[in-house]
Amino acid sequence: MNLTWYMRRLARMSPAEIKGRVGDSWTKRQWRSRQIRPGQEDPLTLPASVAPFPTPLRDFDPDTLSEDGRARLLRAADAALAGRFHFFDREHDDLNRDPDWFFDIRSGRRAPDDTYAFDIDHRNVEQVGTIKYVWEPSRHYQLTVLAAAYLLTSDDRYADFVADQLRSWWSNNPFLSGVHWTSGIELGCRLISWVWIRRLLDGWPRVRELFEENPDFLRQLHHHQDYLAALPSHGSSANNHVIAEEAGQFAASCAFPFFPESATWREHSATALRREAELQTFASGINKELASSYHVFVLELFLAAAVEGEAAGTPLGSPFWHCICAMTDSLAAMIDVRSRPPRQGDGDEGRGLVLDDPNANPCPSLLATGAAIFGRQDWWPDAGPDDLRTLVWRNLVDGPMPSGARPDGMPHRFEDAGMVILRDNTGGDDEIWCRCDEGPHGFLSIAAHAHADALSVELRCGGVEILVDPGTYTYQGEAEWRSYFRSTIGHNCLELGGEDQSQSGGPFLWLKSTDGEAIAAAGLQDGDEAVWTAAHRGYGRLTPSAQHQRSVKLVRGDGRMVIEDIVESSGQLDCRLAFHLGPEVDCFLDGNVAQLRWQTADGTRRATMQLPVSLEWSTVRGQTEPPLGWYSPCFGAKMPITTLVGKGQTGGGDSLITDIKIDLKDRSVSRAPAEAADASNVS
């Protein structure tokens, strides 16, 4: 990060945040003398003895887990036992009993292991590698899966492996040495994992030896909590990071109340969690970062903390549970027929607690937990049988938790969050699902996880992505790719003047944000048509009067959707209108008509897009200079997709109409003659 970035970042801070960061800098200077290097004795004085673990599971019956759930978890655990575990886009295949905790499997670099933590720039790829790949194994998700396997089987192999890896981590990561002490969110996630590893191994004969009677664990525990108490995230950075920090602090101080400071840590973190639940959640239940992946992450963190509080007899209170219930109800309303949420904003598949195959979709589990704790609403989709995490969370909670007011029917519009879901044939094989964005750009002054995507749409048919949000791919080290996946042209949007709607100042920093403005919505619940209209003024810097208005009309029962874009301006502006097709969709473009095709279990499905005739249309696939036509299925991965790009000029109230017709009946497996003759044009 250069001087320009620092000046831009400073400009987005309040005086209180600046004061807090100055205090943090002083603390970090003072703490230099507290660093413990590998092999050096830790002088921290410990209590003479600690109480037994206070909150084990209560008469838990492993046989209540479904056979499919058991088999899925044990497959993941057996792979972990062999040193294999999936992180992001790849499998780590060398997580043995004493792994290299500092190795980046993506870049091949090794992060510093004995450098004073606050001398390390974890954003510098040359210095540390791709930091997410270094950090993720040290959240210890692979160990919660192994501990869960022990709970199910009482097989000592799982417990022994967990113990060896934990001892390895504690030995190789003394206080303030190396990259695993550079970010509080990592400490918070790690503490939640340790709490659950201890609980899941409660029946193992050597569990107290590993935890309560182990000075290495007790010192690590104290250092983690001391760090989080002294160095919380501040101001414009107080997004999901502060929630993870406080959730970990609260969970650990409930489950491990071993120190004189434990009660104070617990009280402070409880207060912070109550505050952040209110500050970071819209009344509709949507997380204010407006990034669907982080909605899931934060919901898991809130649940992990709330359950811990109930188990320890220090509940976070009814309003906190009301927030969790609202987040769960909103998740149930936004997912498609395959139980997948929107792909809005950034996403790195963050998890609060992993007790399943790490590649499993977390949404059904969260709905199962919501049904167990609050009760299932009639309009909810079916979540399937309870997973292990739902069962153990429910084990620690007495009776239904307070839910607050709940929607009687499925919500289709979240006005405060600016999210609208248009649907037809909800829950069916031919379900048409369309997300429309009319909301705020993002959260706090830097909107760290937002994209320049006001008025963007996603379209799915039967869960197959037809028009896709590109995803995230990367955070650091590949600036051009980070910019593309956040850009206006990277979304199903209209770009004007070759510029993004919002102005970026860095990979997690927006200097100027563009919010959507809702205009109208009708027929969202039922009726022959659902219609949505919104606008934004992000291109006012090109010409003061510029406004982009978009309308989407879904004709129910006909498989038809019409998108109309109108730019009000004093003159004509160069434009590009982009429609990004899902990775399962093939495309044949003839002039302004695009024939789409994708495969399902029942055969070939088709759709036709009539594109605006006033623009010149072409397909782009996997272009690198500059990037265009890419999709990120998960963090760290990108793949080429077909993007339809219309170039030309618009303004002065011109109307650009895109008419999409999905054939809900044609399931033939044969190809049309014209497509067979022109196979070279299939992107």
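Here are four short exercises on this predicted model, each with a worked solution.

**Exercise 1. Work out the strand order of the open sheet and find its edge strands.**

Start with the order: five strands line up as E3-E4-E5-E6-E7 in an open sheet, with antiparallel pairing. Next, look for strands that pair on one side only; these are E3 (413-414) and E7 (464-467), the edge strands. Now zoom in on the E7 end. Strand E6, residues 457-461, runs antiparallel to E7 and is joined to it by three bridges. Across that pairing, Cys461 faces Val464 of E7.

**Exercise 2. Find the helix that lies across E3, E4 and E5, then describe how H13 packs against it.**

The helix you want is H14, residues 318-334. It lies across E3, E4 (419-424) and E5 (432-437), at about 45° to E4. Two packed helices are described by the angle between their axes and the distance between the axes. For H13 (residues 292-312) and H14, the axes come within 10 Å and cross at roughly 145°. The crossing is left-handed. Then check who makes the contact: H13 contributes residues including Val296, Leu299, Phe302 and Glu310, while H14 brings, among others, Phe320, Trp321, Ile324 and Met327. Sorting the residues of this contact by type gives 14 nonpolar, three polar and one charged.

**Exercise 3. Decide whether Glu300 is buried or exposed, and list what it touches.**

First, place the residue: Glu300 sits in helix H13. Its relative accessible area is 0%, and the cut-off for buried is under 20%, so Glu300 is buried. Next, go through the neighbours, skipping residues up to four places away in sequence: Glu300 touches Arg351, Gly352, Leu353, Pro362, Leu366, Arg389 and Trp393. Take Leu353 from that list: it is 53 residues from Glu300 in sequence, yet the C-alpha atoms are 6.9 Å apart in space. Finally, look at Arg351, whose side chain makes a polar contact of 3.0 Å with the side chain of Glu300.

**Exercise 4. Locate Ser487 and say which backbone atom its side chain reaches.**

Find the loop between helix H17 (479-486) and strand E8 (494-496); Ser487 lies there. Then check the burial: with a relative accessible area of 6%, against a cut-off of under 20%, Ser487 counts as buried. Follow the side chain of Ser487 and you get to the backbone nitrogen of Gly490, at 3.0 Å. Leaving out residues up to four places away in sequence, Ser487 touches Ala452 and Asp500.

Terms used: Residues numbered from 1 in each chain as written. Predicted model: local features only at pLDDT ≥ 70, side-chain atom pairs only at ≥ 80, totals over all residues. Heavy atoms only, no water. Pairing = 2+ DSSP bridges. Helix = DSSP H or I, 4+ residues; strand = E, 2+ residues; numbered from the N terminus. Contact = heavy atoms within 4.5 Å. Axes fitted to C-alpha atoms, helices over the stretch in contact; angles between N-to-C directions. Left-handed = near helix turned anticlockwise from the far one by under 90°. Nonpolar A, V, L, I, M, F, W, Y, C, P; charged D, E, K, R; others polar. Buried < 20%, exposed > 50% of the residue type's maximum accessible area, 1.4 Å probe, protein only. Polar contact = N/O pair within 3.5 Å; in protein donor to acceptor, adjacent residues only side chain to side chain.
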